[in-house]
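Here are a few exercises to work through with the model open beside you. Try each task before you read its solution.

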Amino acid sequence: MTQTQKKTTAIFKLMERFLTQKEISAYDQALLDEFGCDRKTLERYLNEIEANYVHIITIKKSRKKYWKLIRVSDIFEEFISNTYDLTNLFDLAQSFDPEIFKELEKGTLSKIANSNEQVFLFKNSIMEELKSQKTQLIFKNLKVAIKNHEYRDITYRYDEVMVDKNMKCIKLMFVGNNWYLMAVDEDGALFFRRLSFIERVAYAKKIGYNPKEVEPYLNFLKTLQNPMSLYGVVPQVATIRATPKVAKYFEEGMKPLLSSQKFLKKCDDGSVLFTLAYTQELEILPAIQRWLPDLIIEEPKDLKEAYQQKLKTALQNHA
């Protein structure tokens, strides 16, 4: 058996093992004996599997590295085991397939699922954009680039076809119910490229970058509200009034419209004042518009006028 054949056989056996063994370590003596290899070789096999399969992740325990197959049910089990409040669990579930409860493993988790499937309906799918084989391959390629801190040439179609050369691939993000690639170009500009608009991912002339180079961009994620948030722009603050009709949804302690939302006060007329931070109009105006006509921009004046102009245009388009 050649070295290539030996490697291929070992990788296939390891993939089968993930179906029955929850976690695999390169220190597993039984596996080392079975495959007739040393720890570094086994670790190399496991790294290759992780690089090519979205649901294989690494975890650390007592300074040792383990590889784990993450199933949807594992994620749900983690929530159920660690909280009495299942609100977060079902918020998370909305991002997965509508058939999620049918796919969960038997046992306690299955009982919880079956008892609630008559109550909950989940319409959004976190995997919707990853159904085609082409998109799956793009996703895998980007995953490898991000993990290894590599450059890629990104062919992207919006109004026209564009090719972004030597892009530092930083993060794959699921935000606003869509997958995005977070990447930085050669001039240091940050871009969010929607996955469904990416047509091709190819190796770039440049190979790898220093992870420290992208730390400021990763820190930016702490304040990111949506794909319209701009990097390197000092946020402005808008004051918004919620009319008495919808005021209860914007009172202190309620789920925020955007992550920057801050409650100011409840007014005598029953309305509520709150603030939103924003780096450009498009970051907050679509969210405000969804509550039309019950969210009113109090200030700043230029944001209010921009919103008024959009409303006028909308009325003209419907005339």
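**Exercise 1. Work out what average pLDDT the chain has, and where pLDDT stays under 50.**

Start with the whole chain: its pLDDT (the predictor's confidence in each residue, from 0 to 100) averages 82, and 79% of the residues score at least 70. Next, look for the weak stretch: over residues 75-117 pLDDT stays under 50. The model does have 48 contacts beyond four places in sequence for that stretch, a contact being heavy atoms within 4.5 Å. Where pLDDT is low, though, the predicted coordinates should not be read in detail.

Some ground rules before going on: this is a predicted model, so local features need pLDDT of at least 70 and side-chain atom pairs count only at pLDDT 80 or more, while totals for chains, interfaces and linings use all residues. Residues are numbered from 1 along each chain as its sequence is written, and side-chain values use heavy atoms, with hydrogens and water left out.

**Exercise 2. Describe the surroundings of Ser25: is Ser25 buried or exposed, and what does Ser25 touch?**

Step one is to place Ser25: strand S1, residues 23-25 (strands are DSSP E runs of at least two residues, helices are H or I runs of at least four, and both are numbered from the N terminus). Step two is accessibility: Ser25 comes out at 7%, so Ser25 counts as buried (buried is under 20% relative accessible area, exposed over 50%, partly exposed in between, with a 1.4 Å probe and protein chains only). Step three is the neighbours: not counting residues up to four places away in sequence, Ser25 touches Leu31, Leu42, Leu46, Lys65 and Tyr66. Finally, the Ser25 side chain reaches the backbone nitrogen of Tyr27 at 3.0 Å. Tyr27 has a charge over its ring too: the charged end of Lys64 sits 4.8 Å from the ring centre (the cut-offs are NZ of Lys or CZ of Arg within 6 Å of the centre and within 35 degrees of the ring normal).

**Exercise 3. Find out how many aromatic pairs there are, and take one of them apart.**

A search of the whole structure gives 10 aromatic pairs (Phe, Tyr and Trp rings, the six-membered one for Trp, with centres within 6.5 Å; planes under 30 degrees apart are stacked, over 60 edge-to-face, the rest tilted). Take Phe139 and Trp179: their centres are 5.1 Å apart with 80° between the planes, an edge-to-face pair. Phe139 belongs to helix H8 (residues 133-147) and Trp179 to strand S6 (residues 178-184), so the pair ties together parts 40 residues apart in sequence. Check accessibility as well: Phe139 is buried at 6%, and Trp179 is buried at 11%.

**Exercise 4. Identify which residues have the most contacts inside the largest nonpolar core, then follow Ile288 outward.**

The largest nonpolar core holds 20 residues, and Ile240, Phe250, Ile284, Ile288 and Leu295 have the most contacts inside it (such a core is a set of buried Ala, Val, Leu, Ile, Met, Phe, Trp, Tyr and Cys residues joined through side-chain atoms within 4.5 Å). Among the elements supplying at least two residues each are strand S11 (272-278), helix H10 (281-289) and helix H11 (301-317). From Ile288, leaving aside neighbours within four places, you reach Ile240, Leu295, Ile297 and Tyr307. One core residue, Phe250, also joins Tyr249, Phe274 and Trp291 in an aromatic cluster.

How values were computed
A polar contact is a pair of N or O atoms within 3.5 Å; within protein, one must be able to donate a hydrogen and the other to accept it, and residues adjacent in sequence count only if both atoms are side-chain atoms.
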